[in-house]
Amino acid sequence: MSCEANLVVLTSEDLKLCTNNFHRNNLIGLTQFCKLYRGQIKQQGFSIGSQAGDVTVKVWDERSSCITFTNDEFLMVKEEIQFLTHPSIKGHPNLVNLIGYCCEKEVKGVIYDLSPWDTLHNLIPKDNMNWVQRVNVLLQFAQLLEFLHNKEKPYLVLNTNASHIMLDWEGKPTLVDYGLISGGIIGEMTPLKKTMPMHTIGFVDPFFAAKGGSYWDTNCDVFSFGVILLGLIAKRNSELENVGKPQLGLDSLVQNWAKNVYRPSFSLVHRSLQEDWGYFAEDGTAITELGMRCVEFFPVNRPTMKKVVECLQGLLGFRRLEDARPNKREKTFHGN
C-alpha cells in the first residue's frame, strides 16, 4: 500500500500502546465498520515524532462487512487516506487530521489528531450540552455537508449518523467514518458499496432504500442530517433494539416519532433546552420545521444543505448572540 509522506506507518503494537491494549475503558463507541478509542500517542515510552497528547484511535472490526465482502481487505483504509490527505479536503475544520495508519493482516486502524469528548450519539440524550452548543453542532456539520455536496463531483457520505460524529472538548463536531463515501476523488459508488449492509437503519433514506439501494444521491445525506437534527433538539436517540418488537416497531425511530407528534407551528425542542440561555421560542419552531422538511419521504420536498445552512444561520439566537457562541463561526473553508 502506498503511503503519504507525512503519515506515520504504525504497527498493531503501536495502537495497543496508544489505547492500553484496546482497554474497554478507552472504548468510546462503534461506527458501522469500526471501533473508536481514546488514546495517547506518548505513553509508556511510545511517541510519534514530536507529537504527543490525546488522540482518537479507530480500528476496523475484523468481522465488518467492509472486510468480509470485498476482495481488498484494505480498501476502506486506502480510500480514507486518499480522501483525508487530498489538498481540496485536508484542513477542513470538521474533518479529521490523519496522523498515521496501520495495515496489518489482523489489525487495520488509523490515529486521528483529535482529543475526543464523546460521540454525538452518546451525548444527545444527556444534559452535558446546552441549547447553543447543540445548534452550533448542527450548523457546523451542515456546513461540512454543504462543502462536500458543492464540489464539481459532489461527495456522498451516505452512512451519516450520530455515532459517526465525534465532538472534541470544545464541542466541535468532526466526521470520523468514511466507509461508504463516494464521489469527488473517490469516484462513483461501486456496486459493492450499493449492496453493502447498512446497519444504521434509523438514518437510512427510506425513499432510496425502497428502490433496493440501486441508486443514492446527496438527498440521502439531507435525510440523515434531519434525523440527527430532530434527535439533537429533542434529546432523543432511535431505540434500534425496539425496531423489531411488534408493539414498538418503527415508531422507535426518531423521525417516525417526530412525524407522529408533530403539528404545524409546533416545537419538538426538549423542555429542559427551552429553559437554556440563548433559546428563543421562534427558533424552536423554525428548527423543528427544518428537521421535518429534511426527513420528508420524497427527496424533492427536502431542502438542499445550502438551504439548511441558510436556515440555521437565520435563527434568532445566532443573529442576536453571535459573539456569545462557544465556537465563533469560522471562515468558509474552500480547500486548494
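In the predicted model, Arg 38 stands opposite Thr 56 of strand β4. This pair belongs to the antiparallel pairing of β3 with β4 (residues 54-60), which extends over seven bridges. Strand β3, which covers residues 34-40, also pairs with β2 (residues 27-30), again in the antiparallel sense, here over three bridges. Within that second pairing, Leu 30 has Lys 35 of β3 as its bridge partner. Three residues lie between β2 and β3, and the two strands form a hairpin. Strand β3 is thus paired with β2 and with β4.

Helix α5 was examined separately. The helix comprises 19 residues (131-149) and spans 27 Å from the first C-alpha to the last, close to the 27 Å expected at 1.5 Å a residue. At its start, a side-chain oxygen of Asn 130 comes to within 3.2 Å of the backbone nitrogen of Val 132. Of the 19 residues of α5, 17 are buried, so the helix is largely enclosed by the rest of the structure. Buried here denotes a relative accessible area under 20%.

For the protein as a whole, the secondary structure amounts to 13 helices and nine strands. Of its 336 residues, 55% count as buried. The exposed surface of the protein is about 15,500 Å², of which carbon and sulfur atoms supply 49%. Among contacts with a separation of 6 or more, 68% are accounted for by residues 24 or more positions apart.

Key
Residues are numbered from 1 along each chain as its sequence is written. This is a predicted model: local features need pLDDT of at least 70, side-chain atom pairs count only at pLDDT 80 or more; totals for chains, interfaces and linings use all residues. Side-chain values use heavy atoms; hydrogens and water are left out. Two strands pair if DSSP finds at least two bridges between them. Helices (H or I, at least four residues) and strands (E, at least two) are DSSP runs, numbered from the N terminus. The expected span of a helix is 1.5 Å times one less than its number of residues. Buried means under 20% relative accessible area, exposed over 50%, partly exposed in between (1.4 Å probe, protein chains only). A polar contact is a pair of N or O atoms within 3.5 Å; within protein, one must be able to donate a hydrogen and the other to accept it, and residues adjacent in sequence count only if both atoms are side-chain atoms. Contact means heavy atoms within 4.5 Å. Accessible areas come from the Shrake-Rupley method with a 1.4 Å probe; for residues, only the protein chains shown count as cover.
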